[in-house]
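Trainee: Could you walk me through this one? I have it open and would like to start with how the two chains meet the sheet.

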Amino acid sequence: MTSNHPGLSAADILSIEQTLALFPHIFDNDNGSDLDLLFTPDVVIETEKARSVEGLEAVRAWVAAKTAAAPDHQTLNVVVFVAEDGSVRARSRYLRITPTGETSNGDFLDVLVQTPRGWRIARRTTISRFPVRSVREDGTALRDEWLPRATGVRS
Amino acid sequence: MSGTLPAAEVIEIRNAIALFAHVFDNDLVDDMGLVFSEDMVVESVLGQGYSIPGLEAGKDFLRRRRPETADHHTVDTVLFWDDAEHVSARSRYLAVRADGGINSGDYFDILVKTPEGWRIQYRLSVPRTPDGPRAPVDASFLANWRPSAARLPLRIA
């Protein structure tokens with residue numbers, strides 16, 4: 001039987017899931033000073049609007065600029081795997097809820113690294129699903145790179 | 001300060017938290033003890049707020065649950081080590097209402113290790129969306145559940 005997480009222990013996977021779970025509690029609560037519990041200093045976050053945020057300080061500025069109308073995030077259906085290039089990846093579904101109750105969803109495609117202080121997200125790509133908006137042209141192909149396959153290890 | 005728990009115990013703690021939805025939403029009054037300790041206290045700031053002291057009071061609360069009460073989904077759980085027999089947990093809840101709408105909020109839990117396994121000893125439920133009437137929350141009390149350099153999530157071995 002082929003494992004899709006060679007080299008990762010149960011503790012690693014639980015720790016990665018906990019790191020991903022930190023995102024709503026830190027980001028949604030505007031706790032920019034705690035973002036280093038979640039991201040590497042050189043983190044890159046890309047959104048479907050082709051917006052790219054590079055570095056922890058830029059993410060902190062992003063958090064500081066959020067308005068009261070910004071949605072909450074919930075992270076579900078986390079799948080962790082090791083890609084053929086050896087990178088540790090996580091694919092999860094996000095569910096956003098605005099203060100007035102509107103919902104939207106999408107995928108978080110993450111690359112994680114193990115640091116002396118624990119697992120951190122080094123790269124996050126966000127791709128919205130519903131409601132349908134104009135999405136990145138390569139959105140489908142990018143999602144496919146993170147799809148689990150019966151063969152186990154994903155490239 | 002952060003302690004370490006083995007993966008098996010973390011899974012057991014997560015199961016206790018996840019069981020809440022399956023027990024409460026399905027009216028399994030006799031199984032409430034799988035989720036909560038005998039000395040549990042569950043509080044909410046919804047509306048004017050309420051407090052349910054003790055497992056028997058929790059069972060009475062569940063017996064009075066109306067069929068149209070929202071279903072619960074618990075996600076994004078982060079654990080904090082308190083001592084060898086207690087952990088704090090912070091989760092987000094999604095509550096799907098009978099009309100199909102959705103409410104959300106935070107669960108601030110303290111779990112205790114009993115001879116029967118990990119159980120929720122204290123829960124504070126704080127709504128987030130949509131906006132509505134709620135009792136005030138003591139921000140200094142909630143600081144215990146804020147992940148930070150001074151309050152690191154527990155390490156998992």
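Mentor: Bear in mind that this is a predicted model. Helix α1 of chain A, residues 10-27, lies across β4 and β5 (86-96) of chain B, and the helix runs at about 105 degrees to β4(B).

Trainee: OK, and what is the strand order in that sheet of chain B?

Mentor: The sheet is open and has 6 strands, which follow the order β3-β2-β7-β6-β5-β4 in chain B, with mixed pairing. Because β3 (50-53) and β4 (71-83) of chain B stand at the edges with a single partner strand each, one side of each has no neighbour in the sheet. On average, and ignoring direction, neighbouring strands of this sheet are turned by 15 degrees against each other.

Trainee: Mixed, you say. Are β2(B) and β3(B) parallel or antiparallel?

Mentor: Those two run antiparallel and are joined by 4 bridges, with B:Val42 having B:Ile52 in β3(B) as its bridge partner. In their hairpin, 5 residues sit between the strands, and B:Gly47 takes a positive phi near 65 degrees.

Trainee: And how many bridges link β2 to β7 in chain B?

Mentor: Strand β2 (residues 36-44) pairs with β7 (residues 117-129) of chain B over 5 bridges, here in the parallel sense, and B:Val41 stands opposite B:Tyr122 in β7(B).

Trainee: Switching to helices again, where does α2 of chain B lie?

Mentor: Helix α2 of chain B, residues 55-63, lies across β2 and β3 of chain B, and its direction makes an angle of about 55 degrees with β2(B).

Definitions and conventions. Residues numbered from 1 in each chain as written. Chains lettered and ligands numbered in written order. Predicted model: local features only at pLDDT ≥ 70, side-chain atom pairs only at ≥ 80, totals over all residues. Pairing = 2+ DSSP bridges. Axes fitted to C-alpha atoms, helices over the stretch in contact; angles between N-to-C directions. Contact = placed C-beta atoms within 7 Å.
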